[in-house]
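These are my notes on the model, set out as numbered points. They cover an interface and a hairpin.

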Amino acid sequence: MSVIRSQDAQTEGIPVTSCWNCRAAVTGAHFCAACGKVQPLPAGASYFAFFGLPQKLTIEPASLEGQFHMLSWKLHPDNFVRASEFERNLSLERSSQLNDAYRTLRDPIARVEYLLEHLGVRKEGTTRQQAPPELLEEVFELNESLDELRDARAAGGDVAALQGRLEAAQQNFQEGLDDVDTELAALGREWDAAVDFGGDESKKQALLARMNETLNRRAYIRNLVAGVAKELGS
Amino acid sequence: MGRVVGIDLGTTFSLIAYLDAQTGSPKCIPGPYGSTLCPSVVSVDRDGKVIVGEPARAKLLTQPERTIYSVKRLMGRGVADVQDELKIFPFRIDPGSDNVIRVRLGDKSFTAPEISAYILRELKSWAEAYFNEPVDRAVITVPAYFNDAQRQATKDAGRLAGLEVLRLVNEPTAAALAYGLHKQKRGHVAVYDFGGGTFDISLLKLISTNEGDIYQVLATNGDTHLGGDDIDNALLDLARREIREKFGVEFDHRGEAIQTLRKSLIRAKHELSSAQRTIVQYPLESKGMYVREITRAEFEELIRPIIARTMAPVKMALADAKLAPQEMDEVVLVGGSTRIPLVRKTVGDYFQRAPHCELDPDEVVALGAAVQADILETGVKTMLLLDVTPLSLGIETMGGVIAKIIPRNSTIPASAQELFTTGVENQTAIDVHVLQGERELAKDCRSLARFQLKTPPGPAGLARIEVKFLIDANGILQVAARDLRTSEQHTVEVQPSYGLSDTEIERMLEESIEYAEQDFAERQVIEARTEAETILAATDKALADPRSREISAAERKAVADSEAHLRAALAGGDYKLMRTRIDEINAATAHLAEVLMNGALQTAFEGKRLDDV
Ligand SMILES: Nc1ncnc2c1ncn2[C@@H]1O[C@H](COP(=O)(O)OP(=O)(O)OP(=O)(O)O)[C@@H](O)[C@H]1O
Ligand SMILES: [Mg+2]
Ligand SMILES: [Zn+2]
């Protein structure tokens, strides 16, 4: 079995431990450089570190996929069917982490969410939805149209006109969503630059806070779009 | 260690295959009747002997009450789940069943994994005869859309058949493996698998890397209760209605007559895959003959809604994979029902390309299983399968709402960590309910398991228990918990919502090992003897009890006599006589037991009586 060289980024904040098999020093690498045995996951290691990546938001999809395939090839439980139970469990732990990390990092939105969670800016699983102030009026109108549509349906009234209005609104919000995504991408680039050039801590914190706020706005609009789609689809 | 094999445990047919070391290609093993297909039919004859496959299929007509087909439909399901199916399938469900269905075959009842284990044992014996060597490990295929309970039930069946299940592999993925090996193609492949009882669609990406080929499943979807069986039932419905209207004859849907009718309709269905018309003839004893011509066109009208039902999962899988139908480079057809021309046309039209069907659709799944078995046996060298979990995993939160923790179509193994704490002061247990499914409310999803996290009393929110949910490479859930405050591993006793517990499996295994080689009569003798000995010991104890003086001397003598008779019967080897004597002693001691009201004695007697029913 070939060894994946310990990558620089992987050592970030990860304590040096010794290999369970040969006691050689290991710093978060998937395999021991000395004996090649799969190693336990260090506590608190991030998905970025798992792939040997810095904590930046621009990730080249093809290279991430290539890494994913390469690591799958080595870590997948198929390789460990005849290993000891201990090693089998390590493979299960690492390969599930690999899949979880890939699933998260390949999706640009999930990637930002994860970074914020990992840095403690966002609480896991909480998508606080904020109504964007500039959209409040439109949201109000939308809810009204939705109510009218439901009433019209119940009363067997004319729904065609209302449906047209809702479709237009849906289109509008979809565009809003695209704008938010563009905004998020721009913030991401700023963040990457700050990481590269060692931007000061307060600037980084401010960027993270803005990304968090943008994500909340995004969640809100997305829910609106989904709600309208559901109403129109039924 | 013995050989490894790949097994396709199908709804209608099962097959066993191995990888031929000489040619490097997989091969199916034929059974004693020359065919590689083993009908998934099990029959238990009057003296308790289990018959599997072709001879059992014959019993479907002569002894339907002792014979079962399509048992795969019952795997991992509870009684409430199968109510609809019971209207059309002649399953005889034991009234005592709840979350594990027991089926009556003659005078005994069996769980679905036990019945499936008989099919697996039969196949295992085919392979052992073929190799002249023991076979003890297998890869078994399951429909991609099987949930956790259905997968667990399949794994249990393997264990009960004396096989170490190296891996459960999804049927369409196995087919892709066999197919990819055969064609050496790369790109996006759609596998449309329409079998006897299940429908699956899987979308894969075949990639060549420096190390070898990766078969990565991007998305899967399906219906675990949609297949050729449903077409048969549609034809059966039509015929029954016409026979009722024209001849006034009503069928018992569990009787023998309907099995004969069903058989001729299936033959007609198969003929219509190549012919434009066919004639069904069915004799109605005194009432004459039901003769019916069915044209291809009429048949297609009848089955159109069934085929349409396969397209919704296809669309969902494409949406999840973010692919358009025309982006698929290849479309592969698997399963007997894809021989139907309308199925081929529907699929071909949708994907805008002619589907592939050059590999035998009956064998391709088993062949792929054999390839995977070899990979696991000899190590990953040239190929790697990356499969996904078909259904989202979630936990129930406040108000019965589901919080999704692992989304569907995640590559497996996949995991999720959740932190649990107490909500009120001095709470000592936190209930966790795990579910699978896409709906938002817990009540609409499939309950997988429940467990309790125990914690010492303390202020609310103090406890910190981290639970790790992990879906392994078989698609089966594993749960582990850790107390973050003490960093101690927490033991969780997971109670599966459907399916057998470990203890039940152990018991069945013990029984099966103990009894596998013994014939029915021998087993009866052992059972009767054990029972007799328990009763004799309990009776002796009862007679020694001072309170037993309350019964009359005559009764006392009757009890003593019945004891002597039973002992005499035990000396011989006739289990029927032992049974009679046991019944007699039970009758003779009834009053004694009542008088004593002795807990232990009472249980001893009652226990036995319950077993008898
Ligand atoms: N020529 C044919 N025309 C139409 N249907 C056919 C033909 N040949 C087989 N079938 C049907 O195919 C089904 C069996 O297919 P297959 O053996 O692939 O299913 P299975 O593997 O037993 O089931 P599953 O995969 O759903 O568990 C049966 O319903 C059978 O009637
Ligand atoms: Mg099949
Ligand atoms: Zn080492």
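1. A salt bridge here is a side-chain nitrogen of Lys or Arg within 4 Å of a carboxyl oxygen of Asp or Glu. By that rule, three salt bridges are counted between chain B and chain A. In one of them K205(B) meets E65(A), with 2.8 Å between the closest N and O atoms. The model is a predicted one, and the values below are to be read as such.

2. Polar contacts also cross the interface of chain B and chain A: eight residue pairs qualify, both partners being at pLDDT 80 or more. Seven elements of chain B are worth locating, since at least two residues of the side touching chain A come from each of β11 (164-170), β13 (199-208), β14 (213-223), α10 (364-378), β18 (383-386), β21 (414-420) and β24 (465-471). That side of chain B is made up of 16 nonpolar, 10 polar and eight charged residues.

3. In terms of contact, 34 residues of chain B meet 21 residues of chain A. The two chains bury about 2300 Å² between them, 55% of it from carbon and sulfur atoms. E211(B), V380(B) and P413(B) provide 23% of what chain B buries against chain A, more than any other three residues.

4. A separate point concerns strand β8 (residues 102-105) of chain B, where side chains alternate: V103(B) and L105(B) are buried on one face, whereas R102(B) and R104(B) point to the other and are not buried.

5. β8(B) pairs with strand β9 (residues 108-111) of chain B, antiparallel, over four bridges. L105(B) lies opposite K108(B) of β9(B). Two residues separate the strands of this hairpin, and G106(B) adopts a positive phi near 65°.

Methods: Residues are numbered from 1 along each chain as its sequence is written. Chains are lettered from A and ligands numbered from 1 in the order in which they are written. This is a predicted model: local features need pLDDT of at least 70, side-chain atom pairs count only at pLDDT 80 or more; totals for chains, interfaces and linings use all residues. Side-chain values use heavy atoms; hydrogens and water are left out. Contact means heavy atoms within 4.5 Å. Buried area is the accessible area (1.4 Å probe) that two parts lose on being put together, summed over both. A polar contact is a pair of N or O atoms within 3.5 Å; within protein, one must be able to donate a hydrogen and the other to accept it, and residues adjacent in sequence count only if both atoms are side-chain atoms. Ala, Val, Leu, Ile, Met, Phe, Trp, Tyr, Cys and Pro count as nonpolar, Asp, Glu, Lys and Arg as charged, and the others, Gly among them, as polar. Buried means under 20% relative accessible area, exposed over 50%, partly exposed in between (1.4 Å probe, protein chains only). Two strands pair if DSSP finds at least two bridges between them.
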